[in-house]
Amino acid sequence: MSARQAAARFGVGISSAIRWIARARIGERTPRPQGWRRGSSLDAHEAFIVGLIEARKDITLDEMVELLAVERSARIGRSALSAWLGRRGWTFKKSPHMHWSRPDQTS
């Protein structure tokens, strides 16, 4: 069966069928990963960042960005650091603030 016939039979593009047949001829029969997954520049500093968080639980993103720039020469934005932390399960919730008219802290 030709590549065009295979493409029509399986409902894929002709160029995809041609590439798959060429890959099969060289012995590559497993699917390739989809998308473009590249690592973050922060991956190299993961131990340092985790150390910062464990040393001081209330450290802010701005402080972490500054320490990364000073101590590791890693220039990264605050939102990029937040996204990187979120992908690794490090999420922080602010403590509830006390209303100005209440004498006791809310739960």
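**Exercise 1. Determine what share of the contacts between residues at least 6 apart in sequence joins residues at least 24 apart, and set that share beside the make-up of the chain.**

Step 1. With contact taken as heavy atoms within 4.5 Å, 35% of the contacts in the protein between residues at least 6 apart in sequence join residues at least 24 apart. This is a predicted model, in which local features need pLDDT of at least 70 and side-chain atom pairs count only at pLDDT 80 or more, while totals for chains, interfaces and linings use all residues. Residues are numbered from 1 along each chain as its sequence is written, and side-chain values use heavy atoms, with hydrogens and water left out.

Step 2. The protein has five helices and zero strands, where helices (H or I, at least four residues) and strands (E, at least two) are DSSP runs numbered from the N terminus, and along the sequence the pattern reads α-α-α-α-α.

Step 3. Of the 107 residues, 20% are buried, where buried means under 20% relative accessible area, exposed over 50% and partly exposed in between (1.4 Å probe, protein chains only). The accessible surface of the protein comes to about 9,000 Å², of which carbon and sulfur atoms hold 52%; such areas come from the Shrake-Rupley method with a 1.4 Å probe, and for residues only the protein chains shown count as cover.

**Exercise 2. Work out which residues of helix α1 are buried and which exposed residues its opposite face carries.**

Step 1. Helix α1 spans residues 3-10, and A3, A6 and A7 are buried there. They lie on the same side of α1 because they cover an arc of only 100 degrees around the axis, the arc being that of the directions from the helix axis to the C-beta atoms.

Step 2. The buried residues of α1 pack against α2 (14-25), whereas the face turned away from the buried side carries the exposed residues R4, A8 and R9. For R4 the relative accessible area is 58%, and its C-alpha atom is separated by 5.6 Å from that of I14, ten residues apart along the chain.

Step 3. After α1 comes G11, whose phi is positive, near 70 degrees.

**Exercise 3. Decide whether S15 and R23 of helix α2 are buried, exposed or partly exposed.**

Step 1. S15 is in helix α2 and, at 45% relative accessibility, counts as partly exposed. From C-alpha to C-alpha, S15 and A3 are 8.5 Å apart in space, with their positions twelve residues apart in sequence.

Step 2. R23 is also found in helix α2, but with a relative accessible area of 14% R23 is buried. Leaving aside residues up to four places away in sequence, R23 touches E28, T30, P31 and R32.

**Exercise 4. Describe how α3 and α4 are each placed against α5.**

Step 1. Two packed helices are described by the angle between their axes and the distance between the axes. Here axes are lines fitted to C-alpha atoms, for helices over the stretch in contact, and angles run from 0 to 180 degrees between N-to-C directions.

Step 2. The axes of α3 (residues 46-55) and α5 (residues 78-87) come within 13 Å and cross at roughly 90 degrees. That makes α3 roughly perpendicular to α5, since angles under 35 degrees count as roughly parallel, over 145 as roughly antiparallel, 65 to 115 as roughly perpendicular and the rest as oblique. The contact is made by E46, I49 and I53 of α3 together with L81, W84 and L85 of α5.

Step 3. By class, this contact of α3 with α5 has five nonpolar, no polar and one charged residues, with Ala, Val, Leu, Ile, Met, Phe, Trp, Tyr, Cys and Pro counted as nonpolar, Asp, Glu, Lys and Arg as charged, and the others, Gly among them, as polar.

Step 4. Helix α4 (residues 61-72) packs with α5 at an angle of about 105 degrees, the axes being 9 Å apart, and the two are therefore roughly perpendicular to each other. L61, D62, M64, V65 and L68 of α4 meet R78, L81, S82 and L85 of α5, which gives six nonpolar, one polar and two charged residues.

**Exercise 5. Find where S73 is placed and state its phi.**

Step 1. S73 is in the loop between α4 and α5 and is exposed, with a relative accessible area of 62%.

Step 2. Most residues other than glycine have a negative phi. S73, although not a glycine, has a positive phi of about 55 degrees.
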